[in-house]
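Q: Please take a close look at a single strand of this model and at the parts of the chain that surround it. I would like one connected account that works outward from that strand.

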Amino acid sequence: MNIYFITYCAKLTEKSEDYGNVKGAYFNCWIDAIEEQKAKEIASNMISENNWEIENLEESKMLHDEFYDDQNEGKKYYEQAKIDGAVFMYHTW
């Protein structure tokens, strides 16, 4: 199992009901994929399908079980991605 952590910065497209009310968002994505490029493709497709336009890639790395300690909130998303194949969290401003 290869879980990649990817963060994109994105802005809403005009198709979104929230266009004009939300300036942008950071998308944190935990993706189970065979290679990093496939993980980026899965994440960017989900973001685009939800009326967001990616502005830039902030971070991309493969994670291992030892990456998170038990107090880190990211651990629950990492563990859930191992079950579901993908977890997406976004923070708007």
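**Strand 1 and its surroundings**

A: In this predicted model, nine of the ten residues of strand 1 are buried, so strand 1 is largely enclosed by the rest of the structure. Strand 1 covers residues 3-12, and the account below takes up its partners in the sheet, the helices that touch it, and then some individual residues.

The sheet is open and has four strands in the order 3-1-2-4, with antiparallel pairing. Strand 3 (52-63) and strand 4 (86-92) stand at the edges, and because each has a single partner strand, one side of each is left without a neighbour in the sheet. On average, and with direction ignored, neighbouring strands of this sheet are turned by 15° against each other.

Strand 1 pairs with strand 3 in the antiparallel sense over ten bridges, and with strand 2, again in the antiparallel sense, over eight bridges. Particular residues show how these pairings run: on the side of strand 3, Ala-10 has Ile-54 as its bridge partner, and Leu-12 stands opposite Trp-52. On the side of strand 2, Phe-5 stands opposite Trp-30.

Two helices pack on this sheet. Helix 1, made of residues 36-49, touches strand 1, strand 2 (25-32), strand 3 and strand 4, and its direction makes about 35° with that of strand 1. Helix 2, made of residues 74-84, also packs on the sheet and touches strand 1, strand 2, strand 3 and strand 4, while its direction makes about 140° with that of strand 4.

Within the strand itself, Thr-7 offers a useful point of view. Thr-7 lies in strand 1, and with a relative accessible area of 6%, which is under the 20% limit, Thr-7 counts as buried. Once residues up to four places away in sequence are set aside, Thr-7 touches Tyr-26, Phe-27 and Asn-28, together with Asn-56, Leu-57, Glu-58 and Glu-59.

Phe-5, already met opposite Trp-30, leads to a residue outside the sheet. Tyr-68 lies in the loop between strand 3 and helix 2, and Tyr-68 is buried, with a relative accessible area of 9%. Leaving aside neighbours within four places in sequence, Tyr-68 is in contact with Phe-5 and Trp-30, and also with Leu-63, Gly-74, Lys-75 and Tyr-78. For the last of these contacts, Tyr-68 and Tyr-78 are ten residues apart in sequence, and their C-alpha atoms are 8.6 Å apart in space.

Leu-12, which stands opposite Trp-52 in strand 3, leads instead to the largest pocket. This pocket holds about 170 Å³ of space, and of the 13 residues that line it, the closest to its centre are Leu-12, Phe-27, Asn-50, Trp-52 and Tyr-90. Among these, Phe-27 is also one of the residues touched by Thr-7. Strand 4 supplies the largest share of the lining, namely three residues, and by character the lining divides into seven nonpolar, four polar and two charged residues.

Asn-50, listed among the residues closest to the pocket centre, is found in the loop between helix 1 and strand 3. Asn-50 is partly exposed, with a relative accessible area of 43%. The C-alpha atoms of Asn-50 and Ser-16 are separated by 8.0 Å, although the two residues are 34 residues apart along the chain.

Asn-51 is found in the loop between helix 1 and strand 3, and is partly exposed, with a relative accessible area of 25%. The backbone deserves a remark at this point: most residues other than glycine have a negative phi. Phi of Asn-51, however, is near 65°, a positive value in a residue other than glycine.

Glu-49 is found in helix 1, and with a relative accessible area of 63%, Glu-49 is exposed. Glu-49 and Gln-80 are 31 residues apart in sequence, and from C-alpha to C-alpha they are 22 Å apart in space.

Taken from the strand outward, then, strand 1 is largely enclosed, with nine of its ten residues buried, and its pairings run to strand 3 over ten bridges and to strand 2 over eight, while helix 1 and helix 2 both touch it.

Conventions: Residues are numbered from 1 along each chain as its sequence is written. This is a predicted model: local features need pLDDT of at least 70, side-chain atom pairs count only at pLDDT 80 or more; totals for chains, interfaces and linings use all residues. Side-chain values use heavy atoms; hydrogens and water are left out. Two strands pair if DSSP finds at least two bridges between them. Axes are lines fitted to C-alpha atoms, for helices over the stretch in contact, and angles run from 0 to 180 degrees between N-to-C directions. Contact means heavy atoms within 4.5 Å. On a 1 Å grid over the protein atoms alone, a cavity is a set of points where a 1.4 Å probe fits but cannot get out, and a pocket is an open set with protein on both sides within 12 Å along at least five of seven lines; lining residues have an atom within 4 Å of a point. Grid points are joined across faces, edges and corners, and a volume is the space filled by probe spheres set on the points. Ala, Val, Leu, Ile, Met, Phe, Trp, Tyr, Cys and Pro count as nonpolar, Asp, Glu, Lys and Arg as charged, and the others, Gly among them, as polar. Buried means under 20% relative accessible area, exposed over 50%, partly exposed in between (1.4 Å probe, protein chains only).
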